[in-house]
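Hi! Here's the structure I said I'd pass on to you. Have a look at it first, then read my notes below.

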Number of protein chains: 4
Amino acid sequence: MLDATLALAAEAGPAGLSMEAIARRAGVSKETLYRWWPSKIEVILAAMVEHGQVSIPLPDSGSLPGDLRAFLRSTIDALDGTTALLLRAVAAAAATDQAVADDVRDRFLRTRRAALGTLLDRAVARGEIPDEHTTPLVDFVYGSLWYRLIFGIGRLDHRWADETATAITAITATRQPPERPPLPPLPPD
Amino acid sequence: MLDATLALAAEAGPAGLSMEAIARRAGVSKETLYRWWPSKIEVILAAMVEHGQVSIPLPDSGSLPGDLRAFLRSTIDALDGTTALLLRAVAAAAATDQAVADDVRDRFLRTRRAALGTLLDRAVARGEIPDEHTTPLVDFVYGSLWYRLIFGIGRLDHRWADETATAITAITATRQPPERPPLPPLPPD
Amino acid sequence: MLDATLALAAEAGPAGLSMEAIARRAGVSKETLYRWWPSKIEVILAAMVEHGQVSIPLPDSGSLPGDLRAFLRSTIDALDGTTALLLRAVAAAAATDQAVADDVRDRFLRTRRAALGTLLDRAVARGEIPDEHTTPLVDFVYGSLWYRLIFGIGRLDHRWADETATAITAITATRQPPERPPLPPLPPD
Amino acid sequence: MLDATLALAAEAGPAGLSMEAIARRAGVSKETLYRWWPSKIEVILAAMVEHGQVSIPLPDSGSLPGDLRAFLRSTIDALDGTTALLLRAVAAAAATDQAVADDVRDRFLRTRRAALGTLLDRAVARGEIPDEHTTPLVDFVYGSLWYRLIFGIGRLDHRWADETATAITAITATRQPPERPPLPPLPPD
DNA sequence: ATGTAACCGAGACGGTACGTCGCGTCTTTGT
DNA sequence: ACAAAGACGCGACGTACCGTCTCGGTTACAT
């Protein structure tokens, strides 16, 4: 059934990933599908895990720039065409339904954010970046990725990985920000 | 009709934004809806423009940090609940259908990216950031925004705007990266 | 406009004869169409008159068999492909809507029935058929015609005309029905 | 579902017999309707069979006049108001669409024609009518019926049945047509 | 060896939405 | 003034999925 999901994703794209189509393709009744997974999003997430292109090795080169570059390249390597289409289906479901979004966030994105967080925490420990930047940086990395994936902006290849890693790590150098002028006094919120 | 779309978005969320529902709500026939806009995505984009929460003033404080902070705060200010739901509907449509994604990218995201690009180009001109970082930085900003919006990660408030602006502009300070260790020799692609 | 109706009937058949299509084809607005004729059925009837294949010459050969044969052959001659399709459209409209049926009956069928009635009345005057048979005979002729036309039963050609005329006029010979056995006592109604 | 069809036919007439309306009335989804019958005409035909007013007993009184009268009276008896409206809907569909006409002819009219044909064949065997008249006579009977039904000409009651039977069987008497004058020499076709 | 339960395919079901077509009415625009 | 152009509310078309449900049939285990 997950194989059928993968095949369908590859062939028909996110729009073709209906429960009906998956069941048909798998030679399985819809009932069975629902017996195993409660919803489409669960099927897709399971298929992604099955597809295996998911776990990213945590590099440890000793400094953030190298770690980031390796991490991003691995991430991109795992992002084959089928995975990309599955991710788009996930995004569509999450964007449509808040409950799905919550679920995806807590059960899928969370681990990925944690992995990158670990990398950044090490950099914080090494004094490469300030602690309060870890969350924005995680957002920068995954945000860029999803953003480009969903809207089809540019390619997601090693070049992108390197440029992104470089841009992120430009922050590295700036341990003691030399007398930044105070920001204009905006109201807090 | 666009009013109805806005109202529906606010009440029923992205999932409730069907052409039928919009037509029903607007007291209009589906035919009429399709006569004016060729597809749901166009209706939604039109509704967003109508809603007006769209054009962000380009700040010019003389330095990137202030500009960014102001720009992000304005962006967040424009992102009221209804707009957020509309954007999620847009994301869902784009994620589902590549053609929609292309359309949204070229007709909607483009202008927003250009606006932020202008801000960053000024910063490049002032020597605050290197030119090659502009594209990643645009991705960082809008990527974070969509990412958090779609998956419901945290709040999108002034606090987020400030933190994000700060993290981005941390790059500012790093004009001459002091002796970064050479990256490990990864294969180029 | 009537030309367009004829052309459409010939090309698209009864199903294609919509007011929209006629207007489009005639390069005319629907409004104009409705200004001239109050309904589709009127347009069709008008088109049939325009097409001219409508008036049947009343033969007068001196005896019913010859008259009938000539009349039916003329009728068939007038029934070209386009006319047949128009008649089917008329039948469809009449079958669907009682008001249309009434209209068609009183304004279209009536004159045709009257023509054939005249023929038969002459036969009655000549003593060829009893008076009370005229109405059924008219029904037989036009009934057969419409029946075969609507349901596509067999061909409507001279052969049919002759066979039908012959069958009808077989009644001719039977002036004094020789000792018909009394009918079984059915309840009157 | 067929009950709903019958009820709708009785209440709303041929024009009200839409698939939507039938489904609504039956408390059934359109999908289900289409799952059982491929088209509206099939639903209607099925409803008529369900309604049961369809099978006409073949009388056998020993002579054509009695047989015909009984057959026509039975036919009329079966033609209640609802059946009449359904038949009009059938006629409308057949008149509109040649494919429907073919279908109705081959699957519905055929058996009725065959029944009457049997009656007439017996009469042929008894020497009451010539063989070549059977087809026209069948047309006369059913043609009259549909013709009057569709266009609302007169009543279809026992009186009509008797008059029609009488007119048809007037042919009976004419075994040896006494010296009919030769028909004028019309071109064969 | 047989009874029984679990599971499955198949697909029907009531719904909702899709995008299109035709209806008859109405308004705008231009001649 | 009248006509083209076409927008409008309406309702039906036939199709696709949704998630639920009820069927038989077939395993495979327990008796």
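**Around DNA strand F**

DNA strand F has 29 residues around it, and the closest are A:Lys30, A:Glu31, A:Tyr34, B:Trp36 and D:Tyr34. Of the strand F atoms that come within 4 Å of the protein, 53% belong to sugar and phosphate. Keep in mind that this is a predicted model, so please read every distance here as computed from that prediction.

Which helices supply at least two residues each to the surface near strand F? They are helix H2 (19-26) and H3 of chain A, H3 of chain B, H3 of chain C, and helix H2 (19-26) and H3 of chain D. H3(B) gives the most, with four residues. Sorted by class, that surface has seven nonpolar, eight polar and 14 charged residues.

A few contacts are worth zooming in on. A polar backbone atom of A:Met19 is 2.9 Å from a phosphate oxygen of strand F. On chain D, a backbone N or O atom of D:Met19 also lies 2.9 Å from a phosphate oxygen of strand F. With A:Arg24 it's a polar side-chain atom that lies 3.5 Å from a phosphate oxygen of this strand.

**Around DNA strand E**

Now click over to DNA strand E. There are 29 residues around it, and B:Tyr34, C:Lys30, C:Glu31, C:Tyr34 and D:Trp36 come nearest. Sugar and phosphate make up 55% of the strand E atoms that come within 4 Å of the protein.

Some contacts here go to the bases. The side chain of B:Lys30 has an N or O atom 2.7 Å from a base oxygen of strand E, and a polar side-chain atom of D:Ser29 lies 3.0 Å from a base nitrogen of strand E. The helices giving two or more residues to the surface near this strand include helix H3 (30-36) of chain A and helix H3 (30-36) of chain D. Chains B and C each bring in helix H2 (19-26) and helix H3 (30-36). C:Tyr34, meanwhile, has a polar side-chain atom 2.3 Å from a phosphate oxygen of strand E. By class, you'll find eight nonpolar, eight polar and 13 charged residues on this surface.

**Chain A by itself**

What does chain A contain, helices or strands? It has nine helices and zero strands. Of its 189 residues, 54% count as buried. Chain A exposes about 8200 Å², and carbon and sulfur atoms supply 53% of that. Among its contacts with a separation of 6 or more, 66% are between residues 24 or more positions apart.

Enjoy exploring!

Notes: Residues are numbered from 1 along each chain as its sequence is written. Chains are lettered from A and ligands numbered from 1 in the order in which they are written. This is a predicted model: local features need pLDDT of at least 70, side-chain atom pairs count only at pLDDT 80 or more; totals for chains, interfaces and linings use all residues. Side-chain values use heavy atoms; hydrogens and water are left out. A residue is near a molecule or strand if one of its heavy atoms lies within 4 Å of it. A polar contact is a pair of N or O atoms within 3.5 Å; within protein, one must be able to donate a hydrogen and the other to accept it, and residues adjacent in sequence count only if both atoms are side-chain atoms. Ala, Val, Leu, Ile, Met, Phe, Trp, Tyr, Cys and Pro count as nonpolar, Asp, Glu, Lys and Arg as charged, and the others, Gly among them, as polar. Buried means under 20% relative accessible area, exposed over 50%, partly exposed in between (1.4 Å probe, protein chains only). Contact means heavy atoms within 4.5 Å. Accessible areas come from the Shrake-Rupley method with a 1.4 Å probe; for residues, only the protein chains shown count as cover.
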